Structures are given as structure tokens and as C-alpha cells.
Amino acid sequence: MNPEDLLRRRLLQGGLSAASLLLTGCGDSTTPLNLPDAAGGAPRSPTTPRGVHLSWREDPLTSRTVTWFTDDPAAPAQRLQYGPMMPDMSEADAQRLPFADEVVADTSETPFVEALTHQATARDLPADLPLRYRVGSDAGWSPVRVIRPTPTGDDFRFVHFGDHGRTQDSRNVARAIRAAQPDFALLAGDLSYASGSSSLGPQEVWDAWFDLVEAELGAETILMTAAGNHENEGNNGVAYRNRMAMPTSTVSPDGTFYTFQLGRVQFIVSTGGAFATDGTLVTEILFLETQLARAALRRAAGEIDFIVVSQHFTIWTDQEGRGPANLTLVALQENIFVRYGVDLLAVGHDHIYQRSHPMGFGLRNPLGYVQITSGCGGVGIRGFEPRIQGWSAKALAEPLFVEYVVSRGRIDALTHGVDSLTGETRVVDTFTLERRGRESAGMAVQPVRDVAALHPDYDRLARRTLFRNRLLLANC
Ligand SMILES: [Fe+2]
Ligand SMILES: [Fe+2]
């Protein structure tokens, strides 16, 4: 891409976006930011890395994967340079000293736009030292960044937010998350809203969002994501699959659904059907069944304490116009979550905050899962149905994110509201999850079911569930 084209794209990202409205598929109306360049405001060279963000594609304890973009197809091969931040290194040393290791990035064409996507993984990292790194080439390097080591014990912290976008609230929430210094951030879908209507094309929206992420969050914070309905733009999320680097497997080669463990928590991330037409939904349901069965067995054996599932879509909700539930997911997923004793379901999609009591099938159940809907990441806020269902423990509507403080056998959560004007935070909800008792954990050890058992008459099941809960709701 020549400099004129690059400047044109930057002008589109800046000048035009400030005057436009981002009308998302969810019907939100929010004003995108006129974002400064993450490198400091001046137009960058097309060979300079942009949109730098981090993830754990491999072992969270010993690796980090970096993803970034460049605009010049003729740029030199991109590299990740990295090494430990030694205790006696000053900040100036961190910037100027040579790096111990280097890896050449895997490079692919960024879908639908004249740019390149680069991904590289730093491996065999010392568990107890911060990592400093930069990406690029001699034609342009990113700033040197320093990131904290991943905790190796039982204690760690993560945050959960969803439905981010590019508004001032989006920026405030990202900035507050970075200030909280979590060990990783879980973004439960609807990242950039590239599938909404905008004066920008979808890929310019993605680029502008990654600029925001690099500037406010991603280049120093591990970002693990679930795909939402707004990731399903342009042929089943081709851009999302290319631009994010999540753990891959033989059943999910693009990492659209995956699992990883940190401390004594097993995380399982689902698409929830975001890419339902890509033909992998049956595979994914079997993945959920087998991974949750395995996790339940390990929990009962004392190897882990909690099973956390994250996806974009709520199962049960009181967002206005969407209550009482996503009945397709009630039929498709909830029986699996309840069977294997999922402890926490972290979701977005509905632009509200809602915390459930432990529940299953729309009813309070002490052996069920706690669903946290954290869909107020910045793109917009919605209202509630006139009547809140009996499983709901807390319902809020303001920009926020949830911080989970994990220790052995316990998760203490704090929900942080983020002021739209000042960006200041305050705790608006707290709750605690404790490890299941031995009997409850043992009940969740169940044999894995086959495809036939996992595919009942979903329509009939959904109708029955809705009918039953309407009756029971009247008595809550
Ligand atoms: Fe959504
Ligand atoms: Fe959304």
C-alpha cells in the first residue's frame, strides 16, 4: 500500500468516523471515537506494526503469542524479539538492550484489505520473570513492551467484559482494565462491531478497533476472546479467525472454540453458535461434552477447583426484548452445562449486567451454574424486561467489567462500574463462588454421551422449557 492510500485510510478512520454513527446489528447507536494513532498521533509508515495484541495460543505459563498488522506488502519479514526482563534492568535498559531471542512471524494476507497479519509465539519463557518484547523489522519496530509473568500457583486474576466497540466508554473500560492489571482479559464476543453499518468498511473498523486495543489494552494484556454475532461478518468470521490467535486443536483449527487451564481453573470457550453455518456446530457440541466430562472428572479427583465456560450468548436473560432465554441454547447447551456442573458461565451479547444465583433451566438450583452477563463493555447499554426472573441476583445497566480474584477453592468477584465522563471506577457488585462440595463434584462425573443423545428434538424441548418456565415464573 502506498503512503497516499495509507493516509486515506487513516483519514477515514479519524475524520469521517467522528461524524458518523456506528449502527450495529443490535440496533445500538453510538459515536465511534476519532482515534489517535496508537504510536502517538502521527501517520505511521506502512512498514510499522500496528494493532499489536497478545494472547495465549499455547501454554499460558511459558508462552505468549503476539499478533500485529502491517500495510506494506513489500515490508521485510516481520519478527518478534523477546527476552526476560531481568531484576537489575532499568526501564532505559529494557528499551535499548538487545533481546535474547527472536522468532520470524507467520504472515498471511489480512482478509478483504491490502494488509498483512503477522503472528509469532515466544516459547520457553521463564515462569518468574516479566517478558519484554517488540515486533516488526528494521523498517519499523513497535515500542518495547514489558508484560508480567503468568502466575504459576493457585492465585491469579482475570477480567471479563463483552460488547466492546469503539466509543468513549469502550476506551474507558479498556483503560480501566489495563489499570487493574489482570493476568488476562476474557472478551466475551462482539469485539469491534465490524459487521455493523458504518461509514468505514468492515476492515477499517477492525483496524481502528485494534488501534484502540493496542493503545489501551492489548499490547500488555493477554486477551482471550469468544466469537460473537458481530464476528460473523464476511463469510463466517474470516476476519476474526485471521486477526485473533486463540488455542487451536484438530477439531477447531482456527481456534474458534478452545480450552485452557490456569491455576486450578479449567476454561472452556465456545462460539455458542456464532458461526453456526460453518458446519462445525455438531463437532463443537461434542467438544463441549467431552471437555466438560473430562474437567468434571478432574475436579472430582481434586486436580482443579472450577469449570468456567465463556461464550458470547446468554442462556437466560432479562434484557428487554430477549427474555426469558435463548431457547436454542437452552436446548443445545444447557443440559451439558448442568450435567457436568459448570460453575461459572461468563457471557456478553445482551448489553446489560446480570448475575444469576446458581441455576439451571431457568430455576434457582444450588448445584447449577452462575451466569454473569457482562455486555456493557462500551458499545451501548440496554434496558430490562418489566419483570426480572427469579434466578436473577443482580441487574445493572452501565459501562463495566468484572474482575475475578481466584484463590484455592474460591473466586471473589468485583464488578467495576466505569464512569462515562471521568473513566473512574467504583465497585457496583461483589460475589463469591466456592468450590463444590465432594458430593456435588462427584455427581457431575458422568459418561460422555454420543451424537444421538446430544441431538434430541430441540424444537420440542424448547417449547416445553418455555411453557414450563412461564408457569413457574408466575409463582416466583
Ligand atoms: Fe451480540
Ligand atoms: Fe453486542
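**Figure 1. Strands 25 and 26 in the predicted model.** H416 has V427 of strand 26 as its bridge partner. The two strands concerned, strand 25 (residues 410-418) and strand 26, run antiparallel and are paired over 9 bridges.

**Figure 2. The open sheet of 6 strands.** The strand order is 14-13-12-24-25-26, with mixed pairing. Strand 14 (223-225) and strand 26 (425-434) form the edges, each pairing on one side only. From one strand to the next, the twist averages 25°.

**Figure 3. Helix 3 against the sheet.** Helix 3 touches strand 12 (156-161), strand 13 (184-187) and strand 24 (400-407), as well as strand 25 and strand 26. The direction of helix 3 makes about 140° with that of strand 25.

**Figure 4. Packing of helix 3 with helix 4.** Helix 3 spans residues 168-180 and helix 4 residues 202-216. Their axes lie 9 Å apart, at an angle of about 30°, and the crossing is right-handed. On the helix 3 side, the contact is made by S170, R171, A174, R175 and R178; these residues meet L212, V213 and E216 of helix 4. By class, 3 of the contact residues are nonpolar, 1 is polar and 4 are charged.

**Figure 5. The protein chain as the setting for these views.** The chain has 476 residues, of which 51% count as buried. Its secondary structure consists of 10 helices and 26 strands. Of the contacts between residues at least 6 apart in sequence, 73% join residues at least 24 apart.

Note on methods
Residues numbered from 1 in each chain as written. Chains lettered and ligands numbered in written order. Predicted model: local features only at pLDDT ≥ 70, side-chain atom pairs only at ≥ 80, totals over all residues. Buried ≥ 20, exposed ≤ 12 C-beta atoms within 10 Å, placed from the backbone. Contact = placed C-beta atoms within 7 Å. Axes fitted to C-alpha atoms, helices over the stretch in contact; angles between N-to-C directions. Left-handed = near helix turned anticlockwise from the far one by under 90°. Nonpolar A, V, L, I, M, F, W, Y, C, P; charged D, E, K, R; others polar. Pairing = 2+ DSSP bridges.
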